[in-house]
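Good morning, and thank you for the time. I would ask everyone to look at the sequence and the structure together as I speak.

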Amino acid sequence: MKVAVIIPCLNEQAAILKVVKDCRHYLPKAEIYVLDNASEDDTAEVARQAGAHVIHSPLRGKGHVVRHAFRVLDADYFLLIDGDGTYPVAHAPRLLEIARTYNYEMVMGARLKNANPEAFRPLHFLGNKILTGLVRRLFAFPVEDLLTGYRVFSRRFARQVRLTSKGFEIETELTIRALAQNMAFCEVAIPYSERHSGGHSKLRTFRDGALIIAAIFRLFIFFKLEIEHYNNEFLFTG
């Protein structure tokens, strides 16, 4: 099983060494790729010295980076994990095994059930629960953690799902497209840690929150119209 680890990074010099080392320890056969999103510190050099392949992804925004990775990398499964050290790499083999054993197109590491709210920035824990609840209501599916950045994808998911998000709304789009396109996926509870000392979150609470809400409704309207078109076409041809 060929596994590619995708680590989007913007100024994560403080934590990237440990993240890469943990990936090499827990996933010794995986290829580890740090996609450096125009960092202004030594993230790329530290990652390279730790043993990762560094790909420069200059178009700023996590959505751009994920699409870049899906476009240029090839594997049976892709593991997406942040470079800030908040996600437990030790759980990666379990997520990958679940994806392989049960043929899931996506497996998500869900933080909200086991996480200490203090591990999140102020308002982020509450905001995540509100946004997750909105998607649960609109799409009638029991999503637990809409905004997790810890995910496993199959090759089919990476090749067939057409993503358009530019920034942090990418996690929202990944979940909603899996829902709307009938991609089999599941969520697995994981712990979540505070960000490594010396790093800081790039998420802008209100601006990115507004973009995420806009993405939810944009995708809901798009897929609702697409389903109605399909149903009308089926009735007409039937």
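Phe153 is buried: its relative accessible area is 1%, and the limit for that term is under 20%. I should say at once that this is a predicted model.

Which residue has a ring that pairs with that of Phe153? One partner is Phe70: the two ring centres lie 5.3 Å apart with the planes at 85°, so this pair is edge-to-face. An angle over 60 degrees is what that term requires. The pair links distant parts of the chain, since Phe70 belongs to helix H3, residues 62–72, and Phe153 to strand E6, residues 151–154. Along the sequence, 83 residues separate them. Phe70 also counts as buried, at 6% relative accessibility. Ring pairs extend the group into a cluster of Phe70, Phe78, Phe153 and Phe157. In total, the structure holds nine aromatic pairs.

A further ring deserves mention. Arg111 lies over the face of Tyr192, at 5.0 Å from the ring centre.

Let me turn to the nonpolar cores. In soluble globular proteins, nonpolar side chains tend to be buried together. Here, the largest nonpolar core has 38 residues, and those touching the most other members are Val5, Ile7, Ile16, Val34, Val107, Tyr150 and Val152. Which elements each supply at least two residues of this core? They are the strands E1 (3–9), E2 (31–36), E4 (77–80) and E7 (185–189), together with the helices H1 (13–26), H2 (43–50) and H4 (92–102). Helix H4 gives the most, with five residues.

Val107 illustrates how this core is connected. Beyond its neighbours within four places in sequence, Val107 is in contact with Leu95, Ile98, Ala99, Tyr150, Arg151, Val152, Cys186 and Val188. Apart from this core lies another, of 37 residues, including Leu80, Leu146, Leu147 and Phe223.

Finally, the protein as a whole. There are eight helices and seven strands. Of the 238 residues, 51% are buried. How much surface does the protein expose? The figure is about 12000 Å², of which carbon and sulfur atoms supply 55%. As for contacts between residues at least 6 apart in sequence, 74% join residues at least 24 apart. The pair of Phe70 and Phe153, with which I began, is likewise a link between distant parts of the chain.

Conventions: Residues numbered from 1 in each chain as written. Predicted model: local features only at pLDDT ≥ 70, side-chain atom pairs only at ≥ 80, totals over all residues. Heavy atoms only, no water. Helix = DSSP H or I, 4+ residues; strand = E, 2+ residues; numbered from the N terminus. Buried < 20%, exposed > 50% of the residue type's maximum accessible area, 1.4 Å probe, protein only. Contact = heavy atoms within 4.5 Å. Areas by Shrake-Rupley, 256 points an atom, 1.4 Å probe, with all protein chains shown as cover. Core = buried A, V, L, I, M, F, W, Y, C linked by side-chain atoms within 4.5 Å. Phe/Tyr/Trp six-rings, centres within 6.5 Å; stacked < 30°, edge-to-face > 60°. Lys NZ or Arg CZ within 6 Å of the ring centre and 35° of its normal.
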